[in-house]
Amino acid sequence: MEIAATVPVRNAEDLSLAYTPGVARVCTAIAEEPELVHEYTWKSQVVAVVTDGTAVLGLGDIGPEASLPVMEGKAILFKQFGGVDAVPIALATTDVDEIVETVVRLAPSFGGVNLEDISAPRCFEIERKLIERLDIPVFHDDQHGTAVVTLAALRNAARLTGQGLGQLRAVISGAGAAGVAIAKILVEAGIGDVAVTDRKGVVHSGRDDLNSAKQELASYTNKTGLVGSLESALDGADVFIGVSGGTVPEEAVAKMAKGAFIFAMANPNPEIHPGVAHKYAAVVATGRSDFPNQINNVLAFPGIFAGALQVRASRITEGMKIAAAEALAAVVDGELSADHVIPSPFDPRVAPAVTAAVAAAARAEGVARR
């Protein structure tokens, strides 16, 4: 990574414009009319990519310094796929309130905040508190980016097989950041039912070992009242979504509904290997680039932030996320096949489609400021 100027500094005249004394005129203008900061600085074009290094990829809690390569990679993807500048910020604290206070103090320099690789359930509280305190978009990509792409792929899988979301019963393996967000967006989008499982089985309101995030999750999922293990929940299920790791026994997969959808997204080892999944499923997706239908966050977050920044949105709403998913799904609407329910990250249509849909949704929902 590097930071590059957009204008040359070739001589004394250029220097006097880029820095003193000319820059003072811009400072004075912004002091008198704060909204001009969006016109005369990079604020509305740059995102902070913030982590505490506690949940980095599949590596776990490796600390802020070791997380930097991932944050730099994320910044590269922002620029490559969305035209958005991003700055990696790795924080030397895991305290929720310290992280929130630090980001709030940094916020004047940025147009948005992308939270990354922060462990659950802390990530939920951090995001909620930052949304409450800031008037710029705050987006935890591990949650919502995964959720948006999953919804897009599921919409297209359903279309391919002539079904609606309302006809489907889904089971999610993993009640962490991604699992909670996927459940929420599927409910918002009208899924027939969705049950989420953790290490102790189905998350339901009768359990007395749930943290606050899982208690909330239990309040709007699992309408059929399932209890017990992941394997028992899969009996007759239309959809499996894996965001947890581990291995699902083939016997449980075999009991899913005929023509089911299996999205086994753990990396590097999917919860259900595609070779097994294809025996029973109409559509199979993974998180890997060497199999068809990769559920990859890069399909979502560059365009979501580009759209939000374009209209200076004050936040990213559920409606904006669903609009992003619908736009992403529509990119391959006329090209659907079992091995192509989601576009490639390198499809040049993706970012413009998501950007436009998110900007339009922000205006429709009243969070756009231009």
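**Figure 1. The exposed surface and overall build of the predicted protein chain.** About 16400 Å² of the protein chain is exposed. Carbon and sulfur atoms supply 53% of that area. The model is predicted. Its C-alpha atoms fill a box of roughly 75 × 45 × 35 Å along the principal axes. A compact globule of 370 residues would have a radius of gyration near 21 Å, and the protein chain, at 22 Å, agrees with this. Of the 370 residues, 53% count as buried. The protein chain holds 15 helices and 10 strands.

**Figure 2. Contacts and charges across the protein chain.** Take the contacts between residues at least 6 apart in sequence: 66% of them join residues at least 24 apart. The side chains include 30 positive and 44 negative ones. The centres of these two sets lie 3 Å apart.

**Figure 3. The buried side of helix 5.** Helix 5 spans residues 96-106. Val96, Ile99, Val100, Val103 and Val104 are buried here. They lie on the same side of helix 5, because they cover an arc of only 130 degrees around the axis. An α-helix has 3.6 residues a turn, so residues three or four places apart point the same way. What covers the buried residues of helix 5? The cover includes strand 1 (46-51), strand 3 and helix 6.

**Figure 4. The cis bond before proline 121.** Most peptide bonds are trans. The bond from alanine 120 to proline 121 is cis, with omega near 5 degrees. Where is proline 121? Look in the loop between strand 3 (112-115) and helix 6 (122-133). Strand 3 and helix 6 also appear in Figure 3, among the elements that cover the buried residues of helix 5.

**Figure 5. The cis bond before proline 268.** Asparagine 267 and proline 268 are joined by a cis peptide bond. Omega is about 0 degrees. Proline 268 sits in the loop between strand 9 (260-264) and helix 12 (274-280).

**Figure 6. Asparagine 222, a residue with positive phi.** Most residues other than glycine have a negative phi. Asparagine 222 is not a glycine, yet its phi is positive, near 55 degrees. The loop between helix 9 (212-220) and helix 10 (230-233) holds asparagine 222. Is asparagine 222 buried or exposed? Asparagine 222 counts as buried, because its relative accessible area is 8% and the cut-off for buried is under 20%.

**Figure 7. Asparagine 293, with a positive phi of about 60 degrees.** Asparagine 293 is not a glycine either. Find asparagine 293 in the loop between strand 10 (281-286) and helix 13 (301-310). Its relative accessibility is 4%, so asparagine 293 counts as buried.

**Figure 8. Lysine 184 and its contacts.** Lysine 184 lies in helix 8 (residues 177-189). With a relative accessible area of 34%, lysine 184 is partly exposed. Which residues does lysine 184 touch, not counting those up to four places away in sequence? They are Tyr220 and Glu318. Now find leucine 217. Lysine 184 and leucine 217 are 33 residues apart in sequence. In space, their C-alpha atoms are 8.0 Å apart.

Definitions and conventions:
Residues are numbered from 1 along each chain as its sequence is written. This is a predicted model: local features need pLDDT of at least 70, side-chain atom pairs count only at pLDDT 80 or more; totals for chains, interfaces and linings use all residues. Side-chain values use heavy atoms; hydrogens and water are left out. Helices (H or I, at least four residues) and strands (E, at least two) are DSSP runs, numbered from the N terminus. The radius of gyration is taken over C-alpha atoms; the globule rule is 2.2 Å times the number of residues to the power 0.38. Buried means under 20% relative accessible area, exposed over 50%, partly exposed in between (1.4 Å probe, protein chains only). Contact means heavy atoms within 4.5 Å. Accessible areas come from the Shrake-Rupley method with a 1.4 Å probe; for residues, only the protein chains shown count as cover. Lys and Arg count as positive and Asp and Glu as negative; His and the chain ends are not counted. The place of a charge is taken as NZ of Lys, CZ of Arg, CG of Asp or CD of Glu. The arc is that of the directions from the helix axis to the C-beta atoms.
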